[in-house]
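Work through the exercises below with the sequence and the structure open. Try each task before reading its solution.

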Amino acid sequence: MENEAVSKNFIEQIIDKDLAEGHCKTVHTRFPPEPNGYLHIGHAKSILLNYGLAQEYNGLFNMRFDDTNPTKERSEFVESIKEDIKWLGADWGDRLFFASNYFDQMYEAAVKLIKKGKAYVSDLSAEEMREYRGTLKEPGKEDPSAGRSVEENLELFEAMKDGKYADGEKVLRARIDMASPNMNMRDPVIYRVAHMTHQNTGDKWCIYPMYDFAHPIEDAIEGITHSICTLEFEDHRPLYDWVVRELEYENPPKQIEFAKLYLTNVVTGKRYIKKLVEEHIVDGWDDPRLVSIAALRRRGFTPESIKMFVELCGVSKANSSVDYAMLEYCIREDLKLKRSRVMAVLDPIRVIIDNYPEDQIEYFDVVNNMENEALGSRKVPFARELYIDREDFMEEPPRKYFRMFPGNEVRLMHAYFVKCNSFVKDENGKVTEIHCTYDPESRGGNSPDGRKVKGTIHWVAAPTAVKAEVRLYENIVDEELGVYNEDGSLNLNPNSLNVLKECYVEPSLADAKGYDSFQFVRQGYFCVDAKDSKEDALVFNRIVSLKSSYKLPAQQ
């Protein structure tokens with residue numbers, strides 16, 4: 001039992017203590033995104049943490065959209081977020097909520113604070129409010145409107161609701177402490193006028209609650225026991241607690257903060273991604289070069305790989321950065337025993353086996369994954385004409401080059417030994433055709449006389465090959481020069497996408513559908529692009545290469 005307690009993270013330890021002391025009888029968590037963009041890899045940590053805790057303690061998990069700011073929110077984002085969370089396996093059951101569904105209750109909560117003398121309507125402009133707020137070293141000054149009577153504040157607040165003021169003309173402020181060392185407690189704005197159409201409530205409201213006021217109310221209404229958020233909200237916790245205390249909620253929720261997940265050399269900022277999308281540098285929020293959850297899914301990452309990554313990152317109070325290579329390690333680990341290993345030629349050069357019967361097609365039984373027999377086997381066609389990768393042939397090879405070159409014998413994977421005899425070039429000096437002879441006695445890739453062949457290369461039979469487009473991705477920003485330029489703009493990598501139009505894959509992939517993934521022998525893991533791939537025009541995204549320099553940190 002002692003070991004079990006030690007292995008728990010600090011949030012689990014707090015929950016154990018709360019359950020033992022009767023703060024709550026069960027655990028109820030939530031994931032509350034604002035629908036103003038697509039979720040990214042950092043959000044996956046929050047989703048899986050909140051859902052995982054609910055599962056661990058046999059509690060409940062809510063999905064709630066914090067849609068209190070109509071200026072940036074769209075239905076497209078709502079739908080994409082729902083899809084992402086379902087894909088990650090976080091099941092909210094029948095508990096899908098919108099903060100905007102509580103606007104009536106939030107309005108009544110604001111009225112309650114006014115009646116208690118804890119909120120007032122202010123006439124200060126945003127600039128004046130900044131001046132009155134003070135600094136980290138100097139206390140703020142009291143708002144000239146702070147002395148208004150309860151009756152006057154109620155009347156003004158109702159007039160705000162009825163649309164009698166322009167945007168920014170009036171705000172409702174909580175009356176707390178203008179001398180507080182915590183800037184968030186210096187009479188924060190809790191309602192503002194905004195004549196905007198809301199994606200959920202339409203034009204019903206022209207005043208909207210601020211996040212710091214709305215969020216604790218949402219948690220309290222839903223019966224959330226532990227409001228788990230990232231460290232930037234730590235300084236906001238006194239305001240969170242003030243709101244639930246002043247509104248006299250029973251069994252108030254407890255806010256707990258944890259460190260965000262920072263991934264090195266990636267772009268997660270919504271304004272940057274929005275600009276990339278609008279300027280058509282990427283083809284949408286789900287472009288496989290991004291680390292939005294939708295982009296990772298389209299590229300071919302799996303929910304299991306994301307979960308493994310989040311678990312390896314752990315839960316702590318200290319901010320730290322994680323190398324993108326660790327995410328790549330996780331997808332390799334997840335796929336290596338689950339996916340078939342097939343042959344694909346990305347930069348084809350034609351090979352003709354001169355002594356092989358012209359119209360013959362024969363089939364080889366090939367195991368789909370040598371490390372997992374349960375994946376079975378498939379039949380791979382072989383013919384007189386094949387495609388091999390251009391890098392597997394050299395006219396004048398260096399020492400220790402064991403692949404195809406004039407006079408050398410190589411093994412065609414799973415098939416035969418072949419010897420390169422000659423080649424043909426075009427008018428530009430580019431090799432277009434290689435001529436070989438094969439040894440019929442070496443069927444299956446083994447020599448009956450025991451001779452050694454050092455080079456083994458993959459291939460695809462030309463008559464049955466399926467043409468495909470393959471997209472090779474690199475980081476969208478230049479890792480050596482850093483993510484951002486001095487002026488704050490993104491330092492884009494001009495080689496972030498390399499599109500290969502003339503590729504060939506085995507016929508076993510002809511019926512592959514969106515998100516199907518495979519290991520291309522010697523090339524990496526690839527996934528059918530769910531957005532652009534068609535039945536008669538396959539498109540594959542490289543998920544990750546086979547080689548990795550990443551090593552898991554030693555276990556303590």
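**Exercise 1. The largest pocket**

Task: Find what volume the largest pocket has, and which residues and elements line it.

Solution, step by step:

1. In this predicted model, the largest pocket has a volume of about 1,300 Å³.
2. Its lining is made of 49 residues, and those closest to the centre are Glu34, Asn36, His43, Glu232 and Lys270.
3. Next come the elements that contribute two or more residues to this lining. The helices are H3 (41-56), H4 (75-88), H8 (211-222) and H10 (270-278). The strands are S1 (28-31), S8 (226-230), S9 (254-258) and S10 (261-263).
4. H10 supplies the largest share of the lining, five residues.
5. Sorted by class, the lining holds 22 nonpolar, 14 polar and 13 charged residues.

**Exercise 2. An open sheet**

Task: Put the seven strands of the open sheet in order, and state which are the edge strands.

Solution, step by step:

1. The order is S12-S25-S26-S27-S23-S24-S13, and the pairing is mixed.
2. S12 (341-342) and S13 (344-345) are the edge strands, as each of them pairs on one side only.
3. Take the S13 edge. S13 and S24 (residues 497-505) run antiparallel and are joined by two bridges. Ala344 has Val505 of S24 as its bridge partner.
4. Now look for a helix on the sheet. H13 (residues 324-335) packs there and touches S25 (517-520), S26 (524-528) and S27 (538-544). The direction of H13 makes about 115° with that of S27.

**Exercise 3. Two hairpins that share S19**

Task: Describe how S19 is joined to S18 and to S20, and find which residues take a positive phi in the two hairpins.

Solution, step by step:

1. Begin with S18 (residues 409-412) and S19 (residues 417-425): three bridges join them, and they run antiparallel. Glu409 stands opposite Lys419 in S19.
2. Four residues lie between these strands, and in this hairpin His414 takes a positive phi near 70°.
3. Go on to S20 (residues 431-439), which is joined to S19 by eight bridges, again antiparallel. Here Val424 is opposite Glu433 in S20.
4. The hairpin of S19 and S20 has five residues between the strands, and Gly429 in the turn has a positive phi of about 85°.

**Exercise 4. Confidence**

Task: State what pLDDT the chain averages, and where the pLDDT is below 50.

Solution, step by step:

1. The average pLDDT of the protein chain is 93, and 97% of the residues score at least 70.
2. Over residues 1-5 the pLDDT is below 50.
3. Beyond near neighbours in sequence, this stretch has one contact in the model.

Terms used. Residues numbered from 1 in each chain as written. Predicted model: local features only at pLDDT ≥ 70, side-chain atom pairs only at ≥ 80, totals over all residues. Heavy atoms only, no water. 1 Å grid on protein atoms, 1.4 Å probe; cavity = no way out; pocket = protein on both sides within 12 Å on 5 of 7 lines; lining within 4 Å. Points joined across faces, edges and corners; volume = space filled by probe spheres on them. Nonpolar A, V, L, I, M, F, W, Y, C, P; charged D, E, K, R; others polar. Pairing = 2+ DSSP bridges. Contact = heavy atoms within 4.5 Å. Axes fitted to C-alpha atoms, helices over the stretch in contact; angles between N-to-C directions. pLDDT = per-residue confidence, 0-100.
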